[in-house]
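Biologist: Could you take me through the aromatic rings of this protein, slowly enough for someone in a first year of study? I would like a close look at how such rings pair up and where the paired residues sit.

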Amino acid sequence: MVCMVPSPALAANGSAAAAAEKLRGRVIGTAESVDYRSFARSTTVNTREMAFDGDMSTYFASWERSYTWAGLDLGEPHVITRVGWSPRNDGQGPQRVVLGVFEGANREDFTDALPLYVITEQGVIGQMAYADVACSRGFRYVRYVGPADARCNVAELEFYGVPGAGCDSLLWQLTNLPTVSIHTQDGIVPYDKEHDIAATVAIVADGGATLLCDAATVRERGNGSRTFPKRPYRIKFDRKQRVLSAPAKAKKWTLINNYGDKTLMRNLLAFELSRIMQMPYTPFGTAVDVLLNGEYKGCYQLCDQVQVHKHRVDVEEMTPADTDGEALTGGYLVEVDAYAGEEPSWFRSSYGNPVTIKSPSADSITAVQAEYIEDCFDAMERDWPAYLDMNTFLRHFLVGELSGNTDTYWSLFMYKRRGCDTLFTGPVWDFDLAFENDNRTYPVCAKSDWVYRSGGSYAGNMRSFVDRIVVRDAGAQAQMRYIWGQAREGELTEGHLLACIDSLERLLEQSQRLNFMRWPILNTKVHQNPRLYGSYAAEVENVRHYVRERLPWMDARIGYTYVDGVAATAAAGSSVPLMIYNLHGLPVGTDAAVLRPGVYVRGGRKMLVH
Ligand code: CA
């Protein structure tokens, strides 16, 4: 049974709970029911009315398996104070209410609905279970939406409340995380990446104190991640919105599904690495719970859409008129992308890499612009020292290798600014398979070479392109050591990363419980999972273990010695003298005594020769 807790918001409203009555109204809901005797569609047997007839032996069972519901039109708004339910009297009945969701709305089609409660425990046959509702807004329409694949099976439903429009001072979240509740027009479930479904998106946050609710469209997104039953979505608000604590005010946002990532935190942890490595832009990302048409979908990450935009990839936005002179030179956003061939706007570079042009978009780019950015990309491949920004390329590389991400060169964003010849790398994106989550590279730290050379996937000829830089170029290696050394003297420490993991684990605790009720896969290998750990805590512990191993692995591979938070150039007694590089990254020998005065780099650290 669910315990009774007085609701502070309603108490402030003047002992509303005490005055609350069991509410009556016109029964509404999914019209078609199932007659189990003949297994046929029905409108007379097991109807929605039977969830409100006060008889525990009768029940509502819908013909469709999912997104079905039963509720009441109360005639006027009521602040709901309590909901009650009882499962159908059969073997599966008690389980079939778990993750059922109660909602309230003021539009009859429930497109403006807000959640009131989610059931997290099995029901008891023949008994009502009750839960207090902490939502101060009044609703004319209330309903119970059955969990996925349950035919809404429920014996009885009850709603309690008091008349009134209420207020928005306290709304309800499923957990400590913000709740993203999507309701589509006509209940259409997004089904592909091409069709935008009209919707209303509500985001309840700050413990129920704030609400963002506006018109939007929703569709599926992603490539590999779209093949999982827990779908990833893209939201596009009709108007630009500030969402949660994101820096950008934008229309487009992504909901990353984290299906193969059972820690639900890999992207968020990698974004922290990106910040530590001082990438110029790290995508915004935050964990949320998602409801779609009243059905609980799981724990997601609400993230930036990677696009040309203020506070995202912040380069000049082009128009079709920008066809010559400096205007033609930027900005552009491209993605070296194994799936480029499926995109409307792409090219294959002269080095053999498939590249999607993300911005300008396929429907606005001119032929001159497309030709220009392709030429720039080819030039960068031919003469990368002149046309590739090494700073962002190497920082991005280090985030990919530190996280052990096998997808680093499967999908790689790059951008070009107006009036600047170089291509920049970033942002980092997509870490589902990172942090020891890919059987093709497991165990990452047992490999002697970089992940991208040890089973990592790559688009086109990216592996050999990256080899030219990080394997064969001493200058790039010196610069990499320098960047790494700087990070190691800053926040890139085991202590900081473990603290991040601890904090994410605490943040996700309530949400992961719900998520793995909905997707009970902790004992099933999905995507490229190399191993089963059997529990959320053990999945997270695997990431901790990886981070502890990976930092010293990276130190060794890069040729950097980390001592008690203070860098040293080489291990004492090292028999191999370290190569010294000038600031252009060219090797100048190993003996500092013979060098001309100036600044050099040795072992990843700057060195002054007098
Ligand atoms: Ca009944």
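Modeller: What follows is a walk through the aromatic rings and their partners. Please keep in mind that the model is predicted. A search of the whole structure finds 28 aromatic pairs, and one of them is formed by phenylalanine 102 and tyrosine 144, whose rings are tilted, with 5.2 Å from centre to centre and 55 degrees between the planes. Phenylalanine 102 belongs to strand β6 (residues 101-105) and tyrosine 144 to strand β9 (residues 138-145), so this pair ties together parts that are 42 residues apart in sequence. Both phenylalanine 102 and tyrosine 144 are buried, and they also belong to one aromatic cluster, which is formed by Trp85, Phe102, Tyr117, Tyr144, Phe159 and Trp172.

A further pair is made by tyrosine 339 and tryptophan 410, which meet edge-to-face, with 5.8 Å from centre to centre and 90 degrees between the planes. This pair links distant parts of the chain, 71 residues apart, for tyrosine 339 lies in the loop between β18 (332-337) and β19 (346-348), and tryptophan 410 in the loop between α6 (390-402) and β21 (411-416). Tyrosine 339 counts as partly exposed because its relative accessibility is 25%, and tryptophan 410, with a relative accessible area of 28%, is partly exposed.

Rings can also have charged partners here: the charged end of arginine 151 sits over the ring of tryptophan 63, 5.7 Å from its centre, while the charged end of lysine 230 sits over the ring of tyrosine 300, 5.0 Å from its centre.

Notes. Residues numbered from 1 in each chain as written. Predicted model: local features only at pLDDT ≥ 70, side-chain atom pairs only at ≥ 80, totals over all residues. Heavy atoms only, no water. Phe/Tyr/Trp six-rings, centres within 6.5 Å; stacked < 30°, edge-to-face > 60°. Helix = DSSP H or I, 4+ residues; strand = E, 2+ residues; numbered from the N terminus. Buried < 20%, exposed > 50% of the residue type's maximum accessible area, 1.4 Å probe, protein only. Lys NZ or Arg CZ within 6 Å of the ring centre and 35° of its normal.
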